[in-house]
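Me: I am new to this structure and would like to learn how to read it, one feature at a time. Could you take me through it slowly?

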Amino acid sequence: MKRRKKIMTTIFIVIALTVITWIALTIVVQQMGPEKLATVGKNDDYNALVIYDPDPIYNLDEKVSIAFAEGLSESRWKSKIATVAAAKKIEESFDLYVFCANTYNWAPDKAIRNYIKNSTDLEGQRVVAITLGSGSTKRSQRMLEALITQKKATLIDSKTFWLMKPNDESKTKRSNRKIALEMANNFGKEIADRIRNEKNEVLSKDSGF
Ligand SMILES: Cc1cc2nc3c(=O)[nH]c(=O)nc-3n(C[C@H](O)[C@H](O)[C@H](O)COP(=O)(O)O)c2cc1C
(Lines give C-alpha, C1' and ligand atoms only; values in the text may rest on other atoms or scores of the structure.)
Protein backbone atom coordinates (compact mmCIF):
# COMPACT_ATOMS: atom_id res chain seq x y z
CA MET A 1 0.00 0.00 0.00
CA LYS A 2 2.83 2.34 1.00
CA ARG A 3 4.67 1.53 -2.27
CA ARG A 4 1.56 2.26 -4.33
CA LYS A 5 1.18 5.64 -2.59
CA LYS A 6 4.83 6.44 -3.32
CA ILE A 7 4.38 5.61 -7.04
CA MET A 8 1.23 7.76 -7.24
CA THR A 9 3.04 10.68 -5.55
CA THR A 10 5.97 10.36 -7.97
CA ILE A 11 3.62 10.32 -10.99
CA PHE A 12 1.80 13.39 -9.65
CA ILE A 13 5.10 15.28 -9.11
CA VAL A 14 6.34 14.41 -12.64
CA ILE A 15 3.05 15.58 -14.23
CA ALA A 16 2.99 18.78 -12.13
CA LEU A 17 6.61 19.62 -13.01
CA THR A 18 5.95 18.97 -16.72
CA VAL A 19 2.89 21.25 -16.70
CA ILE A 20 4.76 24.00 -14.80
CA THR A 21 7.75 23.78 -17.19
CA TRP A 22 5.43 23.91 -20.23
CA ILE A 23 3.57 26.95 -18.87
CA ALA A 24 6.89 28.70 -18.09
CA LEU A 25 8.20 27.90 -21.60
CA THR A 26 4.98 29.21 -23.16
CA ILE A 27 5.30 32.47 -21.20
CA VAL A 28 8.94 32.88 -22.32
CA VAL A 29 8.35 32.19 -26.03
CA GLN A 30 5.21 34.36 -26.16
CA GLN A 31 7.11 37.47 -25.00
CA MET A 32 7.28 39.95 -27.86
CA GLY A 33 10.78 40.01 -29.38
CA PRO A 34 12.98 43.09 -29.98
CA GLU A 35 12.72 45.57 -32.86
CA LYS A 36 14.61 44.32 -35.91
CA LEU A 37 14.31 45.51 -39.49
CA ALA A 38 16.10 44.23 -42.59
CA THR A 39 15.71 44.95 -46.30
CA VAL A 40 16.01 42.37 -49.08
CA GLY A 41 16.09 43.29 -52.78
CA LYS A 42 17.51 46.24 -54.67
CA ASN A 43 14.81 46.89 -57.25
CA ASP A 44 11.50 48.15 -56.02
CA ASP A 45 9.06 47.53 -58.84
CA TYR A 46 6.96 46.01 -56.04
CA ASN A 47 7.22 46.28 -52.26
CA ALA A 48 6.46 43.75 -49.56
CA LEU A 49 6.34 43.82 -45.78
CA VAL A 50 7.18 40.50 -44.13
CA ILE A 51 6.30 40.39 -40.43
CA TYR A 52 7.34 37.83 -37.81
CA ASP A 53 7.94 37.69 -34.09
CA PRO A 54 11.32 36.07 -33.37
CA ASP A 55 11.31 32.74 -31.58
CA PRO A 56 14.18 32.52 -29.07
CA ILE A 57 15.01 28.86 -29.82
CA TYR A 58 16.05 28.36 -33.47
CA ASN A 59 14.45 31.43 -35.05
CA LEU A 60 13.14 29.54 -38.06
CA ASP A 61 10.62 32.34 -38.57
CA GLU A 62 13.28 34.95 -39.33
CA LYS A 63 15.11 32.56 -41.66
CA VAL A 64 11.89 31.60 -43.48
CA SER A 65 10.91 35.30 -43.79
CA ILE A 66 14.28 36.12 -45.36
CA ALA A 67 14.13 33.10 -47.71
CA PHE A 68 10.65 34.15 -48.88
CA ALA A 69 11.81 37.75 -49.45
CA GLU A 70 14.84 36.49 -51.41
CA GLY A 71 12.45 34.55 -53.63
CA LEU A 72 10.46 37.74 -54.25
CA SER A 73 13.65 39.75 -54.93
CA GLU A 74 14.40 37.63 -58.02
CA SER A 75 11.36 39.29 -59.61
CA ARG A 76 12.43 42.85 -58.74
CA TRP A 77 10.67 43.05 -55.40
CA LYS A 78 12.03 44.94 -52.43
CA SER A 79 10.96 43.62 -49.01
CA LYS A 80 11.13 44.95 -45.51
CA ILE A 81 11.45 42.11 -43.03
CA ALA A 82 10.29 43.37 -39.68
CA THR A 83 9.68 41.93 -36.26
CA VAL A 84 6.27 42.85 -34.88
CA ALA A 85 7.92 45.47 -32.64
CA ALA A 86 9.55 47.09 -35.71
CA ALA A 87 6.50 46.72 -37.97
CA LYS A 88 4.37 48.73 -35.53
CA LYS A 89 6.44 51.81 -36.44
CA ILE A 90 6.14 51.39 -40.22
CA GLU A 91 3.56 53.63 -41.83
CA GLU A 92 4.03 53.07 -45.59
CA SER A 93 1.73 50.79 -47.55
CA PHE A 94 2.92 47.77 -49.54
CA ASP A 95 1.92 45.65 -52.54
CA LEU A 96 2.01 42.54 -50.35
CA TYR A 97 1.91 41.72 -46.63
CA VAL A 98 3.33 38.42 -45.38
CA PHE A 99 2.63 37.13 -41.88
CA CYS A 100 4.98 34.45 -40.63
CA ALA A 101 3.65 33.02 -37.36
CA ASN A 102 5.10 30.46 -34.98
CA THR A 103 2.72 27.93 -33.45
CA TYR A 104 2.49 27.71 -29.68
CA ASN A 105 -0.02 25.28 -28.19
CA TRP A 106 -1.87 24.89 -31.53
CA ALA A 107 -2.31 28.64 -32.08
CA PRO A 108 -0.34 31.35 -33.92
CA ASP A 109 1.98 33.36 -31.66
CA LYS A 110 0.37 36.12 -29.63
CA ALA A 111 2.44 38.99 -31.06
CA ILE A 112 1.34 38.22 -34.65
CA ARG A 113 -2.28 37.68 -33.59
CA ASN A 114 -2.40 41.04 -31.77
CA TYR A 115 -0.64 42.82 -34.64
CA ILE A 116 -3.26 41.61 -37.13
CA LYS A 117 -6.16 42.32 -34.75
CA ASN A 118 -4.95 45.91 -34.24
CA SER A 119 -4.12 46.59 -37.92
CA THR A 120 -6.20 49.25 -39.58
CA ASP A 121 -4.69 49.10 -43.08
CA LEU A 122 -5.13 45.49 -44.23
CA GLU A 123 -8.54 45.88 -45.89
CA GLY A 124 -8.30 45.02 -49.59
CA GLN A 125 -4.56 44.28 -49.34
CA ARG A 126 -2.87 41.14 -50.66
CA VAL A 127 -1.73 38.93 -47.80
CA VAL A 128 0.25 35.67 -47.60
CA ALA A 129 0.12 33.54 -44.43
CA ILE A 130 3.01 31.33 -43.33
CA THR A 131 2.52 29.10 -40.30
CA LEU A 132 5.54 27.50 -38.64
CA GLY A 133 5.75 24.81 -36.00
CA SER A 134 7.40 21.57 -35.09
CA GLY A 135 4.72 19.63 -36.98
CA SER A 136 1.22 20.20 -35.61
CA THR A 137 0.04 23.39 -37.31
CA LYS A 138 -3.42 22.75 -38.85
CA ARG A 139 -5.46 24.63 -36.22
CA SER A 140 -2.89 27.42 -36.02
CA GLN A 141 -2.95 27.86 -39.82
CA ARG A 142 -6.76 28.03 -39.81
CA MET A 143 -6.69 30.63 -37.01
CA LEU A 144 -4.12 32.77 -38.84
CA GLU A 145 -6.15 32.62 -42.07
CA ALA A 146 -9.34 33.57 -40.19
CA LEU A 147 -7.67 36.57 -38.55
CA ILE A 148 -6.50 37.80 -41.95
CA THR A 149 -9.85 37.37 -43.68
CA GLN A 150 -11.67 39.01 -40.75
CA LYS A 151 -9.68 42.13 -41.65
CA LYS A 152 -11.16 41.95 -45.19
CA ALA A 153 -7.70 41.41 -46.64
CA THR A 154 -7.26 39.22 -49.73
CA LEU A 155 -5.55 36.04 -48.55
CA ILE A 156 -3.73 35.00 -51.71
CA ASP A 157 -2.02 31.91 -50.27
CA SER A 158 -1.21 30.11 -47.05
CA LYS A 159 1.48 27.50 -46.37
CA THR A 160 3.03 25.74 -43.38
CA PHE A 161 6.67 24.78 -42.83
CA TRP A 162 7.90 22.50 -40.07
CA LEU A 163 10.94 22.22 -37.86
CA MET A 164 10.59 18.47 -37.09
CA LYS A 165 7.89 16.87 -39.27
CA PRO A 166 9.31 16.24 -42.77
CA ASN A 167 8.52 19.14 -45.09
CA ASP A 168 9.08 16.82 -48.04
CA GLU A 169 8.47 13.11 -47.48
CA SER A 170 10.67 12.24 -50.47
CA LYS A 171 13.74 14.00 -49.02
CA THR A 172 13.89 12.74 -45.43
CA LYS A 173 17.69 12.36 -45.50
CA ARG A 174 18.34 16.06 -46.14
CA SER A 175 18.14 18.73 -43.41
CA ASN A 176 14.46 19.42 -42.84
CA ARG A 177 15.23 23.05 -41.92
CA LYS A 178 17.13 23.59 -45.17
CA ILE A 179 14.21 22.11 -47.09
CA ALA A 180 11.85 24.52 -45.26
CA LEU A 181 14.04 27.44 -46.39
CA GLU A 182 14.17 26.22 -50.00
CA MET A 183 10.39 25.78 -50.02
CA ALA A 184 9.89 29.27 -48.55
CA ASN A 185 12.21 30.69 -51.24
CA ASN A 186 10.25 28.94 -54.00
CA PHE A 187 7.02 30.13 -52.42
CA GLY A 188 8.30 33.74 -52.67
CA LYS A 189 9.15 33.22 -56.38
CA GLU A 190 5.73 31.68 -57.05
CA ILE A 191 3.87 34.56 -55.36
CA ALA A 192 5.92 37.14 -57.29
CA ASP A 193 5.09 35.40 -60.59
CA ARG A 194 1.43 35.18 -59.70
CA ILE A 195 1.15 38.89 -58.86
CA ARG A 196 3.06 39.87 -62.02
CA ASN A 197 0.75 37.72 -64.18
CA GLU A 198 -2.30 39.18 -62.45
CA LYS A 199 -1.10 42.73 -63.15
CA ASN A 200 -0.23 41.87 -66.77
CA GLU A 201 -3.74 40.46 -67.27
CA VAL A 202 -5.28 43.66 -65.90
CA LEU A 203 -3.04 45.76 -68.18
CA SER A 204 -3.89 43.74 -71.29
CA LYS A 205 -7.63 43.91 -70.46
CA ASP A 206 -7.38 47.69 -69.98
CA SER A 207 -5.58 48.10 -73.31
CA GLY A 208 -8.17 45.90 -75.05
CA PHE A 209 -5.82 43.01 -76.03
C1 LIG B 1 5.65 26.16 -25.54
C2 LIG B 1 5.71 25.68 -26.94
C3 LIG B 1 4.56 25.22 -27.57
C4 LIG B 1 4.60 24.76 -28.90
N5 LIG B 1 3.46 24.30 -29.49
C6 LIG B 1 3.51 23.84 -30.76
C7 LIG B 1 2.32 23.33 -31.40
O8 LIG B 1 1.23 23.32 -30.87
N9 LIG B 1 2.45 22.87 -32.68
C10 LIG B 1 3.64 22.87 -33.35
O11 LIG B 1 3.69 22.43 -34.50
N12 LIG B 1 4.77 23.37 -32.78
C13 LIG B 1 4.73 23.84 -31.50
N14 LIG B 1 5.87 24.34 -30.92
C15 LIG B 1 7.09 24.46 -31.72
C16 LIG B 1 7.26 25.90 -32.23
O17 LIG B 1 6.18 26.31 -33.01
C18 LIG B 1 8.53 25.99 -33.07
O19 LIG B 1 9.58 25.81 -32.20
C20 LIG B 1 8.62 27.33 -33.75
O21 LIG B 1 7.60 27.55 -34.66
C22 LIG B 1 9.88 27.46 -34.58
O23 LIG B 1 10.61 28.33 -33.91
P24 LIG B 1 12.11 28.04 -33.67
O25 LIG B 1 12.63 27.65 -34.95
O26 LIG B 1 12.74 29.30 -33.24
O27 LIG B 1 12.16 26.99 -32.60
C28 LIG B 1 5.84 24.78 -29.60
C29 LIG B 1 7.00 25.27 -28.97
C30 LIG B 1 6.94 25.71 -27.67
C31 LIG B 1 8.20 26.21 -27.04
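**Reading a salt bridge**

Reply: Let us begin with one pair of side chains in this predicted model: those of Glu-35 and Lys-89 meet in a salt bridge, with 2.6 Å from N to O. The pair links distant parts of the chain, since Glu-35 belongs to the loop between α1 and β1 (37–40), whereas Lys-89 belongs to the loop between α3 (84–87) and β4, and the two are 54 residues apart.

Me: What is the general idea behind such a pair, and how many salt bridges does a search of the whole structure find?

Reply: Side chains of opposite charge can pair when their charged atoms come close. In this case, a search of the whole structure finds 10 salt bridges.

Me: Which pattern does the protein chain follow when it is read along the sequence?

Reply: The protein chain has six helices and seven strands, and, read along the sequence, these follow the pattern α-β-β-α-β-α-β-β-α-β-α-β-α. The C-alpha trace of the chain spans about 90 × 40 × 30 Å along its principal axes.

Me: Where does the ligand sit, and which elements give two or more residues to the shell around it?

Reply: The ligand sits in the largest pocket. The elements that give two or more residues to its shell are α1 (2–29), β4 (96–104) and β6 (126–133), and of these α1 gives the most, with four residues. By residue type, the shell divides into 10 nonpolar, 10 polar and one charged.

Me: Which of the 21 residues around the ligand come nearest, and how should I read the polar contacts?

Reply: The nearest are Asp-55, Asn-59, Thr-103, Trp-106 and Ser-136. For a polar contact, look at which atom of the residue takes part: Asp-55 uses a polar side-chain atom, 2.6 Å from an oxygen atom of the ligand, whereas Asn-59 uses a backbone N or O atom, 2.5 Å from an oxygen atom of the ligand. A polar backbone atom of Leu-60 is likewise 3.0 Å from a ligand oxygen atom. The protein covers 94% of the 620 Å² of accessible area that the ligand has on its own.

Note on methods:
Residues are numbered from 1 along each chain as its sequence is written. This is a predicted model: local features need pLDDT of at least 70, side-chain atom pairs count only at pLDDT 80 or more; totals for chains, interfaces and linings use all residues. Side-chain values use heavy atoms; hydrogens and water are left out. A residue is near a molecule or strand if one of its heavy atoms lies within 4 Å of it. A polar contact is a pair of N or O atoms within 3.5 Å; within protein, one must be able to donate a hydrogen and the other to accept it, and residues adjacent in sequence count only if both atoms are side-chain atoms. Accessible areas come from the Shrake-Rupley method with a 1.4 Å probe; for residues, only the protein chains shown count as cover. On a 1 Å grid over the protein atoms alone, a cavity is a set of points where a 1.4 Å probe fits but cannot get out, and a pocket is an open set with protein on both sides within 12 Å along at least five of seven lines; lining residues have an atom within 4 Å of a point. A molecule sits in a cavity or pocket if more than half of its atoms lie within 2 Å of its grid points. Ala, Val, Leu, Ile, Met, Phe, Trp, Tyr, Cys and Pro count as nonpolar, Asp, Glu, Lys and Arg as charged, and the others, Gly among them, as polar. A salt bridge is a side-chain nitrogen of Lys or Arg within 4 Å of a carboxyl oxygen of Asp or Glu.
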